[in-house]
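Got your viewer open? Have the selection box ready, and we'll walk through this one stop at a time.

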Amino acid sequence: YYKIHFPQAYYAAYYSIRSTTFSYGLMCLGREKLEHHIEDFEARFKELSNNEKDTLRDMRIVREMYARGFEFLKLDLYRAKATKFQIIDGKIMPALNSIEGLGDTQAVAVEEAAKAGPFLSKDDFRVRTKVSKTIIDALTELDILSDVPESNQISLFDLNT
């Protein structure tokens, strides 16, 4: 019933509750990228671990969602929830814990730190959230932290006289 009459709510709930292997990097960066990953997983199906088979199942649900004309909203650190997908502006915003390597506890820490105001730098982000440099690199690669400067320090060369 919900899948037909309230599809966005259905998908947001499914990804939040039922999906255990949802990956922002595999599933939320566009339909073409998703199709490439599905083809790769299907070609190696006999070699896949149980976790990878679960990921393939989730990718197929995302494929269905894309085919129905629904999209993901780019993850926004200041609007995203730690473990719940949301419907914002007619699109589905993934949860913070959908980023590979970012567990529920760290996702909650990021959500709480974001409530305190904008991150001044990646150093500030690391201090306030207590996440590892690996996670910060992943967030930068996924274009989530790419606009945030590396450090709070100002170089003398940056000052205009």
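The tour below goes from a helix pair to the core, then on to a second helix pair and a few single residues. Keep in mind that this is a predicted model.

**Stop one: α2 and α5**

Select residues 7–18, which form helix α2, and residues 50–67, which form helix α5. Their axes are 11 Å apart and the packing angle is about 170°, so α2 is roughly antiparallel to α5. Now show side chains. On the α2 side, pick Tyr11, Tyr14, Tyr15 and Arg18; they meet Arg57, Asp58, Ile61, Val62, Glu64 and Met65 of α5. Colour this contact by residue class and you should get six nonpolar, no polar and four charged residues.

**Stop two: the core, starting from Tyr15**

Stay on Tyr15 and look at what surrounds it. Which residues does Tyr15 touch, if you skip those up to four places away in sequence? They are Phe22, Ile61, Val62, Met65, Phe72 and Phe85. Ile61, Val62 and Met65 should look familiar, as they are among the α5 residues from the first stop.

Tyr15 is also a good way into the largest nonpolar core, which has 48 residues. Together with Phe72, Leu77 and Phe125, Tyr15 touches the most other members. Nonpolar side chains tend to be buried together in soluble globular proteins. To see where the core residues come from, colour by element: α2, α3 (24–27), α4 (31–43), α5, β2 (91–93), α6 (104–115) and α8 each give two or more. Helix α5 supplies the largest share, with six residues.

**Stop three: α7 and α8**

Phe125 from the core leads you onward, as it is also part of the contact between α7 and α8. Select 122–129 for α7 and 133–141 for α8. Their axes come within 11 Å and cross at roughly 130°, and the two helices are therefore oblique to each other. The crossing is right-handed. Display Lys122, Phe125 and Arg126 on α7, then Lys133, Ile136, Leu139 and Thr140 on α8, to see the residues that make the contact. Sorted by class, these are three nonpolar, one polar and three charged.

**Stop four: two positive phi values**

Most residues other than glycine have a negative phi. Here are two that don't. Click on Lys130, in the loop between α7 and α8: its phi is positive, at about 65°. Is Lys130 buried or exposed? Lys130 is exposed, with 67% relative accessible area.

Next, move to Asp143, in the segment after α8. Asp143 has a positive phi too, near 65°. With a relative accessibility of 39%, Asp143 counts as partly exposed.

**Stop five: Gly117 and Ser23**

Jump to Gly117 in the loop between α6 and α7. The cut-off for buried is under 20% relative accessible area, so Gly117, at 17%, counts as buried. Beyond its neighbours within four places in sequence, Gly117 is in contact with Tyr78 and Arg128. If you want to try the distance tool, run it from the C-alpha of Gly117 to that of Val62: they are 55 residues apart along the chain and separated by 32 Å.

Finish at Ser23, in the loop between α2 and α3. Ser23 is buried, at 2% relative accessible area. Leave out residues up to four places away in sequence, and you'll find Ser23 touching Cys28, Ser98 and Glu100.

Methods: Residues numbered from 1 in each chain as written. Predicted model: local features only at pLDDT ≥ 70, side-chain atom pairs only at ≥ 80, totals over all residues. Heavy atoms only, no water. Axes fitted to C-alpha atoms, helices over the stretch in contact; angles between N-to-C directions. Helix = DSSP H or I, 4+ residues; strand = E, 2+ residues; numbered from the N terminus. Parallel < 35°, antiparallel > 145°, perpendicular 65-115°, else oblique. Left-handed = near helix turned anticlockwise from the far one by under 90°. Contact = heavy atoms within 4.5 Å. Nonpolar A, V, L, I, M, F, W, Y, C, P; charged D, E, K, R; others polar. Core = buried A, V, L, I, M, F, W, Y, C linked by side-chain atoms within 4.5 Å. Buried < 20%, exposed > 50% of the residue type's maximum accessible area, 1.4 Å probe, protein only.
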